[in-house]
Amino acid sequence: MALIRRACLDDAKRIWQIQTDSIRSVCRTHYQPDVIEAWASQLKPSSYEVPIEEREVIVAEQHGQVVGFGQLNLETHEMETLYVDSEQIGKGIGAELLKSLESIAHQNGVIELKIASSLNAVSFYQKHGYQQICKMPEEVPSPVLVCVGMSKSLDNASSELKFSESQSN
Ligand SMILES: CC(C)(COP(=O)(O)OP(=O)(O)OC[C@H]1O[C@@H](n2cnc3c(N)ncnc32)[C@H](O)[C@@H]1OP(=O)(O)O)[C@@H](O)C(=O)NCCC(=O)NCCS
């Protein structure tokens with residue numbers, strides 16, 4: 001089981017490595033090479049600094065190493081990113097991060113959580129109760145990145161505390 005904690009600015013470079021590596025290795029099954037490169041290359045370690053300070057960004061840590069992260073925007077009720085180290089996928093880390101983000105959203109009064117899912121992750125979210133609403137282009141530099149708009153009602157979400165301000169594991 002991973003340690004789930006809030007991200008700090010020192011995590012920005014590792015988060016960037018995880019996301020850009022995952023885009024190039026995992027997401028490439030569902031997107032053309034030019035889309036993958038435009039998507040990955042627009043990201044910089046500094047891209048994560050404002051979200052870390054102003055939004056809800058959490059990381060999963062194992063043996064002192066960050067192995068995944070997720071980002072939630074409480075103003076738009078949107079889960080903005082969820083990535084697991086490509087060497088560690090399929091081990092339950094994504095599900096743990098997702099539960100923690102849903103818990104944070106629920107504790108902050110969000111009753112419907114939205115996601116713009118990349119095409120390769122749609123079945124993961126379906127498995128976790130999200131329903132497809134629409135196909136939509138994401139606002140990244142051309143060429144357009146097609147995502148799937150999905151949402152889940154958190155009305156019946158367990159109020160059990162799955163994430164605390166300090167740390168949980
Ligand atoms: C999507 C992602 C975050 C899932 O994280 P993960 O740690 O691999 O997922 P888990 O191991 O927690 O999987 C939980 C369940 O979902 C299933 N699952 C995971 N990825 C899946 C996928 N792409 N399609 C279908 N099912 C999937 C697992 O088999 C597992 O099922 P089980 O509980 O019956 O064993 C991860 O695969 C990833 O980083 N993908 C690339 C980045 C990405 O596309 N992120 C989403 C951007 S919106």
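Start by selecting Leu 101 in this predicted model. Setting aside neighbours within four places in sequence, Leu 101 is in contact with Ile 58, Gly 70, Leu 72 and Met 79, so colour those four as well, and keep Ile 58 on screen for the next stop.

Now widen the selection to the largest nonpolar core, which has 32 residues. Leu 101 and Ile 58 are among those with the most contacts inside this core, along with Ala 7, Ala 60, Phe 69 and Leu 97. To see where the core comes from, show helix H1 (12-25), strands E2 (56-62), E3 (65-73), E4 (78-84) and E5 (112-118), and helix H4 (93-107): these elements each give two or more residues to it. Which element gives the most? That's H4, with 6 residues. As a general backdrop, nonpolar side chains in soluble globular proteins tend to be buried together.

Next, click on Gln 62, in strand E2. Buried, exposed or partly exposed? Gln 62 counts as partly exposed because it has 16 C-beta neighbours inside 10 Å. Leaving out neighbours within four places in sequence, Gln 62 is in contact with Ala 2 and Val 67. Try a distance too: from the C-alpha of Gln 62 to that of Ile 93 is 9.8 Å, with the two residues 31 apart along the chain.

Last stop, the ligand. Of the 20 residues around it, Ile 89, Gly 94, Ala 95, Ser 123 and Phe 124 come nearest. E4, H4, E5 and helix H5 (122-127) each give two or more residues to this shell. Colour the shell by class and you get 10 nonpolar, 8 polar and 2 charged residues.

Note on methods. Residues numbered from 1 in each chain as written. Predicted model: local features only at pLDDT ≥ 70, side-chain atom pairs only at ≥ 80, totals over all residues. Core = buried A, V, L, I, M, F, W, Y, C linked by C-beta atoms within 7 Å. Buried ≥ 20, exposed ≤ 12 C-beta atoms within 10 Å, placed from the backbone. Helix = DSSP H or I, 4+ residues; strand = E, 2+ residues; numbered from the N terminus. Contact = placed C-beta atoms within 7 Å. Near = placed C-beta within 6 Å. Nonpolar A, V, L, I, M, F, W, Y, C, P; charged D, E, K, R; others polar.
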